[in-house]
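Here is a friendly walk through one protein structure. Have a look at the sequence and the 3D view before reading on.

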Amino acid sequence: MTQIKIFDTTLRDGEQSPGVNLNQLEKLEIAKQLERLGVDVMEAGFPASSQGDFNAVQQIANTVHSVTVAALARANPKDIDRAWEAIKHAKKPRIHVFIATSPIHMKYKLKKTPEEVINVAVEMVKHAKQKCTDIEWSAEDASRTELPFLAEIIEKVIDAGATVINLPDTVGYTTPKEYGEMFNYIKNNVSNIDKVDLSCHCHDDLGMALANSIAAMQNGATQIEGTINGIGERAGNAALEEIAVALKIREDFYPYSTNMVLKEIKRTSDLVSKFTGMVVPGNKAIVGRNAFAHESGIHQDGVLKHAETYEIITPELVGIQSNNLVLGKHSGRHAFEDKIEQLGFKLSENKLSEAFQAFKQLTDRKKEVTDDDLFVILTDIQTDIQNRKRYKLISFQVQYDSQNLPTATVLLLTPDGKEVKTAQTGQGSVEALYNTIEALIEEEIQLTDFTLSSIGKGKDALAEVHVSMNVDQTPVSGRGTAQDVLEAAANAYLNAINRIFITKKLEKSTIDSNA
Ligand code: KIV
Ligand code: ZN
């Protein structure tokens with residue numbers, strides 16, 4: 001078995017998904033979970049892009065120990081210095097420098113000749129190497145680059161000190177055969193290629209990211225880059241959970257293994273989905289809600305007679321518990337703590353008590369508390385969302401009848417501790433509610449998306465709302481859960497607004513403490 005390194009870029013390329021705006025605390029929680037998942041490298045962010053990203057990368061670098069922490073930089077000294085500043089205390093730091101190498105990018109985007117691009121690439125790898133021993137160099141748009149030029153520049157950046165060479169299919173254009181041939185060409189035409197790890201990085205514009213990654217691996221790639229749930233720019237990146245499970249299930253065919261702890265997949269996927277607000281489609285491989293559901297009578301009959309007739313992956317393999325202990329009104333603290341541990345959460349004594357209290361409150365309204373319900377409670381408490389909210393919903397009322405415009409009345413607590421109240425109408429109950437909240441806050445809001453789903457089964461399932469919006473022109477998403485759909489809608493709206501506030505506040509506090 002050849003060992004394949006898994007490079008996770010959920011926090012960098014994944015966070016570039018439209019509308020995704022993770023705050024520092026959420027990024028840290030995802031980073032800790034990626035460590036449990038067993039990725040070899042995590043790209044924590046792009047420190048030169050914003051103060052918030054810098055802070056998040058720095059905090060992750062100082063917290064995560066067993067995984068290499070990479071920071072992205074364009075090929076210029078300022079970006080590289082900033083990346084190094086953020087990760088210099090990591091146990092295993094890596095600077096990731098990239099520059100475009102395709103004719104179209106060099107001519108129109110960089111406005112540089114191929115010789116100039118080689119010079120910049122070599123000089124910047126040397127610059128990074130003075131700070132950090134582990135240097136990944138990426139040829140952006142490699143799949144549309146002329147092969148002899150690609151071989152020439154790779155040889156030179158390896159001589160300059162690169163330890164990993166990444167060849168991205170930046171625009172998701174390539175096919176498995178072509179991409180495999182590119183890796184094969186580089187393996188055979190770059191004299192010093194055996195000194196480095198060769199890496200693939202695929203986007204899914206034509207739905208071929210997974211197949212392309214596997215083709216690269218079959219032609220010499222020893223590192224695969226991707227994201228959890230396949231999130232990322234446009235159609236997203238290769239989904240790491242799909243790669244890891246495909247290699248495991250078809251180990252009879254693929255002689256490759258990874259360090260991924262497969263039973264952590266479901267939890268990682270849930271965490272990423274909750275924090276990014278990017279709902280996993282029901283039919284998504286490995287982590288979709290229907291991935292293990294057998295609907296047709298023929299399939300159900302087959303599975304009951306012998307599971308392997310239709311089931312190639314067991315839900316347990318990826319951490320989905322089927323014979324689950326369900327908690328309820330009579331469950332005590334002991335059972336609750338066992339469950340928390342089983343779900344992979346580690347909370348301080350104080351937070352544990354806070355979580356137990358929230359759980360007990362929920363059991364007053366709900367007979368059975370599912371893992372999904374607990375996941376929501378625990379992630380909120382772990383990231384301290386409740387205590388950090390800028391605006392708090394104290395109470396609200398919506399009047400609806402089929403003859404008149406709905407009217408909402410909302411009482412809010414503002415960040416400076418003032419209670420404010422007003423009423424507004426709207427075409428529907430949610431619009432009335434949102435118009436009222438908007439009238440009470442300072443921020444300018446433009447709602448761009450709204451989705452409502454249920455967590456768990458039955459009439460008493462929790463409602464979950466995801467919203468995407470622009471808050472003071474910054475795109476952000478928010479999520480809210482509650483027993484009632486309108487309360488979930490209000491929570492999601494305020495969650496999005498508060499996330500912008502928390503991000504700004506965290507950025508400001510780090511600037512102040514660095515000043
Ligand atoms: O897709 C891409 O080319 C990238 C690089 C920055 C590695 O994400
Ligand atoms: Zn990318």
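The paragraphs below go from the barrel to the metal site, then to the salt bridges, a helix, a hairpin and a few backbone angles.

Please keep in mind that this is a predicted model. A good place to begin is the barrel: 8 strands close up in the order 2-3-4-5-6-7-8-9, and their pairing is parallel. On average, neighbouring strands in this sheet are turned by 25° against each other, with direction ignored. To see one pairing in detail, find strand 3, residues 41–45, beside strand 4, residues 68–74; the two run parallel and share 4 bridges. Within that pair, Gly45 sits opposite Ala71 of strand 4. Helix 9, residues 240–249, packs on the sheet, where it touches strand 2 (5–8) and strand 9 (223–226). The direction of helix 9 makes about 140° with that of strand 9. Helix 7, residues 176–189, lies across strand 7 (164–169) and strand 8 (197–202), and runs at about 160° to strand 8.

Next comes the metal. Which protein residues serve as donors to the zinc ion (ligand 2)? They are Asp13, through OD, and His201 and His203, each through NE2, at 2.0 to 2.1 Å from the ion. Along the chain, these donors follow the spacing D-x187-H-x1-H. Are the two histidines buried or exposed? His201 has a relative accessible area of 6%, so it is buried. His203, at 4% relative accessibility, counts as buried too. Asp13 also belongs to another arrangement, since a network of salt bridges links Asp13 with Arg12 and Glu43.

That network leads us to charged pairs in general. Side chains of opposite charge can pair when their charged atoms come close. How many salt bridges does the structure hold? The count is 27. One of them joins the side chains of Lys27 and Asp53, with 2.6 Å from N to O. Lys27 belongs to helix 1 (residues 24–37) and Asp53 to helix 2 (residues 51–63), so this pair ties together parts that are 26 residues apart in sequence. Both Lys27 and Asp53 are buried.

Another salt bridge brings together Arg333 and Glu349, at 3.3 Å from N to O. Here Arg333 is in helix 12 (residues 333–342) and Glu349 in helix 13 (residues 349–365), so the pair connects parts that lie 16 residues apart in sequence. Arg333 counts as partly exposed because its relative accessibility is 28%, while Glu349 is exposed, with a relative accessible area of 54%. A further pair is formed by the side chains of Glu251 and Lys248, at 3.4 Å from N to O. Glu251 is partly exposed, with a relative accessible area of 39%, and Lys248 is partly exposed at 37%.

Now turn to helix 10. This helix has 12 residues, 265–276, and reaches 16 Å from its first C-alpha to its last, close to the 16 Å expected at 1.5 Å a residue. Why can helix 10 be called largely enclosed by the rest of the structure? Because 11 of its 12 residues are buried. Among the buried residues of helix 10 are Ile265, Leu271, Val272 and Phe275, and also Arg267, Asp270 and Lys274. Just after helix 10 comes Gly277, which has a positive phi near 75°.

Further along the chain there is a hairpin. Strand 14 (residues 404–413) and strand 15 (residues 419–425) run antiparallel and are joined by 7 bridges. Leu413 has Glu419 of strand 15 as its bridge partner. The hairpin has 5 residues between its two strands, and Gly417 in the turn has a positive phi of about 80°.

Finally, let us look at two backbone angles. Most residues other than glycine have a negative phi. Lys111, however, has a positive phi near 55°. Lys111 sits in the loop between helix 4 (103–110) and helix 5 (114–129). Asp141 is also not a glycine, and its phi is positive at about 60°. The loop that holds Asp141 runs between strand 6 (135–140) and helix 6 (147–160). Their surroundings can be compared as well: Lys111 counts as exposed, at 66% relative accessibility, whereas Asp141 counts as buried, at 0%.

How values were computed. Residues are numbered from 1 along each chain as its sequence is written. Chains are lettered from A and ligands numbered from 1 in the order in which they are written. This is a predicted model: local features need pLDDT of at least 70, side-chain atom pairs count only at pLDDT 80 or more; totals for chains, interfaces and linings use all residues. Side-chain values use heavy atoms; hydrogens and water are left out. Buried means under 20% relative accessible area, exposed over 50%, partly exposed in between (1.4 Å probe, protein chains only). Donors are N, O and S atoms within 2.8 Å of the metal (3.2 Å for Na, K and Ca); water is not among the atoms, so sites may look incomplete. Two strands pair if DSSP finds at least two bridges between them. Axes are lines fitted to C-alpha atoms, for helices over the stretch in contact, and angles run from 0 to 180 degrees between N-to-C directions. Contact means heavy atoms within 4.5 Å. A salt bridge is a side-chain nitrogen of Lys or Arg within 4 Å of a carboxyl oxygen of Asp or Glu. The expected span of a helix is 1.5 Å times one less than its number of residues.
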